[in-house]
Amino acid sequence: MSTNASSVDPLATLGSLPGVAESVDSVRKAVDRVYGHRVMRRRSNEITSEAALRGARGSAALSGADWALEEVRRRTDFGVEPEARTVGAALRLTAEAGQLLSIWRQSPLRVLARLHLVAASGAADDETVGRPRLAGEAVEEPLIEAPLPDASEVTGRLDGLAELIIAGSSAPALVVAAVVHGELLALRPFGSYNGLVARAAERIVLIGSGLDPKSICPAEVGHAEQGRAAYLAAFDGYLSGTPDGMAAWIAHCGRAVELGVRESTAVCEALQRGAA
């Protein structure tokens with residue numbers, strides 16, 4: 001997607017694509033339902049914590065570390081094998097996302113740098129950590145095989161995306177979150193953990209926009225539940241830049257939020273049965 005700033009809000013125009021309004025409405029209704037659940041009135045902190053855990057598990061699964069939820073819950077050592085490092089990075093990012101909301105609208109590039117630094121914790125001596133890649137630097141993102149933009153294009157598009165976020169948009173939160181997610185996945189601006197960072201940024205938009213202020217609707221769960229093949233197919237739509245492709249990607253992200261809602265609703269129901 002072109003993110004050059006102009007008098008026209010390019011994100012808002014995506015809301016008029018076929019099917020996008022329906023996705024936005026469906027997501028809004030689903031979110032409202034789970035926020036209205038009786039358990040949310042007294043145990044919302046528990047739902048938030050469980051959503052964070054499940055969201056991290058889902059994001060890690062999409063990055064190649066598909067662990068059972070109870071294994072993620074049980075483990076304390078995430079610093080040795082590659083899959084363990086991926087799960088640990090996802091957990092740290094989910095915990096960090098809520099701390100960065102106040103900075104996001106003023107300095108999104110600073111937030112992205114922080115997210116990568118958190119994800120790559122333990123590699124602080126690596127000079128590539130926490131900054132966009134330079135020309136010639138490799139990217140470790142084996143599950144995303146799309147052509148890799150060069151470093152100069154990354155810089156320009158990141159700046160354009162940041163300008164749009166700082167300027168604000170009248171577009172629905174789902175649309176903004178989907179574009180942020182898709183653009184970061186397309187650019188892969190860092191040397192590693194780009195998928196995890198992209199999904200964490202999507203989470204930040206959904207929380208900060210007010211759509212999911214308590215962070216109980218983990219889209220990462222829904223992305224993982226739809227499967228890696230569907231995720232990549234929808235991402236191809238984003239990369240195409242066509243109206244149909246963009247609409248398909250936004251709808252995929254909307255379905256991911258709805259599946260995250262379903263997950264948290266099940267948690268609410270389980271807590272309610274336990275209290276009965």
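**Entry 1: R188 and Y193**

I began with R188 in this predicted model, and with a relative accessibility of 2% R188 counts as buried. I placed R188 in the loop between α9, residues 173-187, and α10, residues 194-208. When I looked up its backbone angle, I found that phi of R188 is near 45°, a positive value in a residue other than glycine.

I then turned to Y193, which is found in the loop between α9 and α10 as well. Is Y193 buried or exposed? Its relative accessibility is 19%, and since the cut-off for buried is under 20%, Y193 counts as buried. I noted that phi of Y193 is also positive, near 60°, and that this residue too is not a glycine.

**Entry 2: the whole chain**

Next I stepped back to the overall layout, and I counted 13 helices and zero strands in the protein. Read along the sequence, the pattern is therefore written with the α sign alone, as α-α-α-α-α-α-α-α-α-α-α-α-α.

I looked up the extent of the chain, and the C-alpha trace spans about 60 × 45 × 35 Å along its principal axes. The radius of gyration of the protein is 18 Å, and because a compact globule with 276 residues would have a value near 19 Å, the two agree.

For the interior I noted that buried residues make up 51% of the 276 residues. Among contacts with a separation of 6 or more, 73% are between residues 24 or more positions apart.

For the surface I wrote down that the protein exposes about 12100 Å², of which carbon and sulfur atoms supply 52%. I also looked up the charges, and the mean positions of the 28 positive and 34 negative charges are 9 Å apart.

**Entry 3: helix α11 and H223**

I went on to helix α11, residues 219-226, where six of the eight residues are buried, so the helix is largely enclosed by the rest of the structure. I listed the buried residues of α11 as A219, E220, V221, G222, H223 and A224. After α11 comes G227, and its phi is positive, near 100°.

From this helix I picked out H223, which has its place in α11 and counts as buried at 0% relative accessibility. Which residues is H223 in contact with, leaving aside its neighbours within four places in sequence? I found L62, H181, E202, Y231, H252, C253 and A256.

A219, another of the buried residues of α11, I compared with G36, which sits in the loop between α2, residues 20-35, and α3, residues 40-62. G36 counts as exposed, with a relative accessibility of 52%. Along the chain G36 and A219 are 183 residues apart, and their C-alpha atoms are separated by 19 Å.

**Entry 4: the aromatic rings**

I then looked for aromatic rings whose centres lie within 6.5 Å of each other, and the count came to four aromatic pairs. In one pair the rings of Y231 and W249 have their centres 6.0 Å apart and their planes at 55°, so I recorded this pair as tilted. Because Y231 lies in helix α12, residues 228-240, and W249 lies in helix α13, residues 243-275, the pair ties together parts that are 18 residues apart in sequence. Both partners are out of the exposed class: Y231 is buried with a relative accessible area of 2%, and W249 counts as buried at 0% relative accessibility.

Which residues form one aromatic cluster with Y231? I found F235, Y238 and W249, which together with Y231 form one aromatic cluster.

**Entry 5: F235**

I ended with F235, a member of that aromatic cluster, which lies in helix α12. F235 counts as buried, since its relative accessibility is 2%. Not counting residues up to four places away in sequence, F235 touches I144, A146, G182, L185, A186 and W249. I also looked up F235 against L259, and these two residues are 24 residues apart in sequence and 18 Å apart in space, taken from C-alpha to C-alpha.

Key
Residues are numbered from 1 along each chain as its sequence is written. This is a predicted model: local features need pLDDT of at least 70, side-chain atom pairs count only at pLDDT 80 or more; totals for chains, interfaces and linings use all residues. Side-chain values use heavy atoms; hydrogens and water are left out. Rings of Phe, Tyr and Trp (its six-membered ring) pair if their centres lie within 6.5 Å; planes under 30 degrees apart count as stacked, over 60 as edge-to-face and the rest as tilted. Helices (H or I, at least four residues) and strands (E, at least two) are DSSP runs, numbered from the N terminus. Buried means under 20% relative accessible area, exposed over 50%, partly exposed in between (1.4 Å probe, protein chains only). The radius of gyration is taken over C-alpha atoms; the globule rule is 2.2 Å times the number of residues to the power 0.38. Contact means heavy atoms within 4.5 Å. Accessible areas come from the Shrake-Rupley method with a 1.4 Å probe; for residues, only the protein chains shown count as cover. Lys and Arg count as positive and Asp and Glu as negative; His and the chain ends are not counted. The place of a charge is taken as NZ of Lys, CZ of Arg, CG of Asp or CD of Glu.
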